[in-house]
Amino acid sequence: MSSTPAPSEATEAKEGSFARRDLLLRIQAAAQQKWEEDKAFYAEPAAEGQACPEGKFFGNFPYPYMNGLLHLGHAFSLSKLEFASAYHRLCGKRVLFGQGFHCTGMPIKACADKLDRELATYGCPPKFPTDDEEEQAAAAAPAAGDASSGPADPTKFSGKKSKAQSKKGAGATQWEILMKSGIPPEDIPQFRDSAHWLQYFPPLAERDLRAMGCGVDWRRSFITTDMNPYYDSFVRWQFWTLKRQGKVVKDKRYAVFSPLDGQPCADHDRASGEGVGPQEYTLVKMRVLELKGKLAELGEAAEGGVFLMAATLRPETMYGQTNCWALPEGKYGAYKGLNGEVYVMTYRSALNLSYQERTPKRGEPECLLELTGQDLMGLPLTAPNCPHERIYVLPLLTILTNKGTGIVTSVPSDSPDDYTALLDLKKKPKLREKYGIADEWVMPFEVLPIIDIPGFGDCAAQVVCELLKVQSQNDTAKLAEAKGMVYLKGFTDGVMKVGPYAGRKVSEVKPIIKEAMMADGHALPYSEPEKMVMSRSGDECVVALTDQWYLVYGEAAWQAATLAALEAMECYSEEAKNGFRHCLGWLQQWACSRSFGLGTRLPWDEQYLIESLSDSTIYMAYYTVAHYLQNGDMYGQSIGEIKPEHLTNEVWDYLFLQGPYPPGCAIPEDTLRKMRAEFEFWYPFDLRVSGKDLIQNHLTFSLYNHTAIWPGGENNPKGFRCNGHLLLNSEKMSKSTGNFKTLSEAIAEYSADAMRWALADAGDGMDDANFETSTANAAILRLTKELAWMEEMLGPEAGLRDGPPATMHDRVFENELNIAVFRSKEAYDKLLFREALKCAGYDLGNARDVYRFACGPEGMNRGLALRYMELSCLLLAPITPHTSEHVWSVLLTRQGSVLRAGWPTAAEPDFIMQRAAQYIEDMIPSMRKLIAKAEAPPKKKKADEPPPPKITHGQVWVSERFVGWQEAVLHALQAKYDAAANSFAADTVPAVLDAVKAAGDADLNEKQLKQLAMPFARYKMDEALKGGKQVLDVKLPFDEAQLLRDNLPYLLRSLNLEGLQISSAAAADAPAAAAAAGPGTPHIHFTAGAPAAAAVGAAS
């Protein structure tokens, strides 16, 4: 690596604005070439039988899905692992960072099939409809919400968006997506084949991660699916192991299901609705007593009875029904049910029901008659558990047909919506007239008390509606508040007043009532997705009763072992750990098999594939042996000494479960022993980083599977670190809006190091982080200016001062170097990389700038300047490794690589000295403000009045400590301050007042004391919240007067003064105004040549 001077401003003007960026790219290329030649990231365990005193670090990141290029969002999460790995490598540890690529599941196949449909429909290259054609199609399309019609064919064009909407790109074609990925049009047709995606994108992902400078051992990289026979064998062994333990069973369960794909749709198979599960309802059968109006057309088809099907979460309230609701404009259908029955409901709900073995044909609801809600108005019904012999269908205008069945039971005693809507119909004759509602269908029906709720009585809905002054059913905000007040309390505390379970709590009898209704044939079980779920194939998902293989997550013993593993694990955030606890609380059986897609076949039932969230739970173990198997080929196609067929279950047991050497094994025992030793060296892994959205599935699954495969607990993960999503310039990243950057684009635009700087600066917690392009651009300038400064300081004209550090400024700067080492390590250890960047980049650089100015014409100490260069290089190496490598190897001409240079040693930091130095830095701007005020002309200038004289001298009176009532206030605040929470107790103010009264003051009465003490107390409380408990000390931990005298030349030069006198505020000759001085806030008096006061003030 040769030295390349940083570009000057003249050079930049000549070459354009990219000279600095291009310098970093050249440094980046040279560093990466050096690392490649040195095999810098090869992870090697300690020799068998030898100790490893330096320690090891094994970290991993969820393998990204290969249906496109990596982007900044991937880079942000992965950067947390990269920074941690680089830090531990710098500290001397043996580090394993492997990176595979995920290809299992439906997303790739869905994309390939979507492209195939586009090319079949619109030609190759495709000619998609224009905006005008879309609008014409939208106008001709049937009205949205037609509940009686079937689903639109996802292979057919349907333009239901306006031109403005289509511009947003939510329905971007697969052709357009691939074009935006930089794929030439002539190559796109190849992507109709799923296998082509697997060949195309993983090598590009490796290319981009190499360019980022990630310390990955690429010998261990792999792709998933049966295209890689070695990984395929590993996953098959994993599932055989789980089955032997009884963790995989075949059963019928409700699952979110894609009708188009014909299989369950897990989180990673979804275009939207990740984390959404089935919502279970009770489907109440309300028999129609008279087939009048349009329903009469059913004729003989209705011999088994016609039922309005109302989905409810509260079957215990059926004792209080007064009517039934339907949406007048809603689209309904009469669908063929079981046993000759006819069910009236929306098409969407009928489709769900048909996948739950409740209709004659699975997935094909047969509509006998299309209906509107108006066709149902006034139908007489008999409802289960209802005290009325007949009730009627009435209009409710707030029904949503995208949830439930569109038919709603009405219990006005318990439901604020029902109470308000019934009241509207009773009070408004014109509303009844509008929908053809006869008075006898409404007026005789009164609220029926059924549940007694403490605080609300037995007509809770009426009470809360009157309390909140709900005016009508259109008062949606107040109605939502009313429901929040009564529903949960009704379940937890409510007591039944009617029926066979009167006197018992609702929470006890709810399931009993539900089961009784079903046993009597008055209700059916029914489920649908909690929210809309769209599959990656483009269809809306339903809930289906599926007969397939499940992992028995939630089983008591397994759940307990997994919870114990969680509690022993480092999560770096209580919020994250609580997220895991919550997930473990609700997670139950998980459908782990699929019929279509890419992946590994279920070994004992090969009609099924293992789904994508189930083949990705313990693959971290595979990294430890992958290089023995795949010979550096991520596809596992370079067959070597070990062939895929050699990897029997017994071989995997030997490697990972300490099983015996398999008799007749084709793999030499010595080879297997080395592989097992490597697994046992690296495992358990130390860190897994991920986005917080994977807590609810992948990460919890991983924890479950580790406790099952290795039940002893010795291989449980040591740490999970979760982060939020990444915003780009404070906005959500989106290809459709153009606010999006691929990883390769970001590296080319900013260089890897400037991008990494901005990623570290983006944020550390669970909240969403923000990548700011201005930060990346500023990093380019900062890094290249730093290189230019270092080259200047290492040159013959540096103007540095030789000899040992001797001055006050030398000692302060040396201490800042020690503090940077201490605080950077503390931040890296806690994986707080933004804080590490602040300490190693911003704070240390600022300390150098202050030191350089404070030294003045005498110059900086050469030894300290060189020490700064070395520390800056080392402390930033995990974040900006290419620049650090250049500084280390080229500018400082050190041997070896910065990557393993070792964490620097430093003396114990002196934080009192740092506080003293900060006092001086804060004093300078405070004094400047006072000088500027003194030299400013009066606002109302008199005629011929000369301008204020220039300030040349100053006098400073310092106070050694707070005394009297001020001391009492501070002692009281100290007692009430919680350093861990950085907060004050609720009774702080009364405690302060009591302390002031107890202290007394001969010169002040109680009222005066209070008037003085409270503003002072609030000021000090605010200071403590910013600066910690130290600001509540009654005296400074350093000699304020001596500190000012030691820094007098620096102060005079900074303030452009000729003299500055330091005195004690307690001196006999101190002016009366000096009594206002306190520790850290001296009284200051400025003069213009003579002692006459030009300005007097207290420094803040």
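**Burial and overall layout**

I started with burial: 54% of the chain's 1100 residues count as buried. Note to self: this is a predicted model. I then looked up the extent of the C-alpha trace, which spans about 115 × 90 × 60 Å along its principal axes. For secondary structure I got 36 helices and 33 strands. I also checked how far along the sequence the contacts reach. Among contacts between residues at least 6 apart in sequence, 76% join residues at least 24 apart.

**The sheet around β25**

Next I pulled up a three-stranded open sheet with mixed pairing, ordered β26-β25-β27. Its edge strands are β26 (731–732) and β27 (769–771), and each of them pairs on one side only. I followed β25 (residues 726–728) over to β27: the two run parallel and three bridges join them. One pair I wrote down is Leu-727, whose bridge partner in β27 is Asn-770.

Which helix packs on this sheet and touches β25 and β27? I found α25 (residues 752–762) there, with a direction that makes about 155° with that of β27. Helix α3 (residues 72–90) also lies across β25 and β27, and I noted that α3 runs at about 135° to β25.

**Helix α24**

I went through α24 (residues 743–750) for burial and listed Leu-743, Ala-746, Ile-747 and Tyr-750 as buried. They sit on the same side of α24, because the arc they cover around the axis is only 100°. What covers these buried residues? My list includes α2 (19–38), α3, α8 (194–212), α25, β27 and α26 (773–793). So α3, α25 and β27 from the sheet entry turn up again here, among the elements covering α24. Just after α24 comes Ser-751, and I jotted down its positive phi, near 85°.

**A second sheet**

I looked at another open sheet, this one with four strands in the order β4-β3-β19-β20 and antiparallel pairing. At its edges are β4 (263–264) and β20 (590–591), each pairing on one side only. Two bridges join β19 (residues 542–551) to β20, and these run antiparallel. For Tyr-550, I found the bridge partner in β20 to be Ala-591.

**Domains 2 and 3**

The domain assignment gives me domain 1 (278–529), domain 2 (773–909) and domain 3 (932–961 + 1039–1092). I took the C-alpha centres of domain 2 and domain 3, and they lie 36 Å apart. Seven residues from domain 2 and five residues from domain 3 make the contact. Between them the two domains bury about 510 Å², with 63% of it on carbon and sulfur atoms. Which residues of domain 2 lose the most area to domain 3? I got Met-808, His-809 and Phe-853, together accounting for 71% of what the domain 2 side buries.

**Cys-839**

Last, I looked up a cysteine. Cys-839 is in helix α28 (residues 833–855). Is Cys-839 buried or exposed? Its relative accessibility is 5%, so I count Cys-839 as buried. Leaving out residues up to four places away in sequence, I found that Cys-839 touches Ala-820, Arg-823, Ser-824 and Leu-844. I also checked Cys-839 against Arg-782, 57 residues apart along the chain, and their C-alpha atoms are separated by 15 Å.

Methods: Residues are numbered from 1 along each chain as its sequence is written. This is a predicted model: local features need pLDDT of at least 70, side-chain atom pairs count only at pLDDT 80 or more; totals for chains, interfaces and linings use all residues. Side-chain values use heavy atoms; hydrogens and water are left out. Two strands pair if DSSP finds at least two bridges between them. Contact means heavy atoms within 4.5 Å. Axes are lines fitted to C-alpha atoms, for helices over the stretch in contact, and angles run from 0 to 180 degrees between N-to-C directions. Buried means under 20% relative accessible area, exposed over 50%, partly exposed in between (1.4 Å probe, protein chains only). The arc is that of the directions from the helix axis to the C-beta atoms. Domain bounds come from an automatic or database domain assignment. Buried area is the accessible area (1.4 Å probe) that two parts lose on being put together, summed over both.
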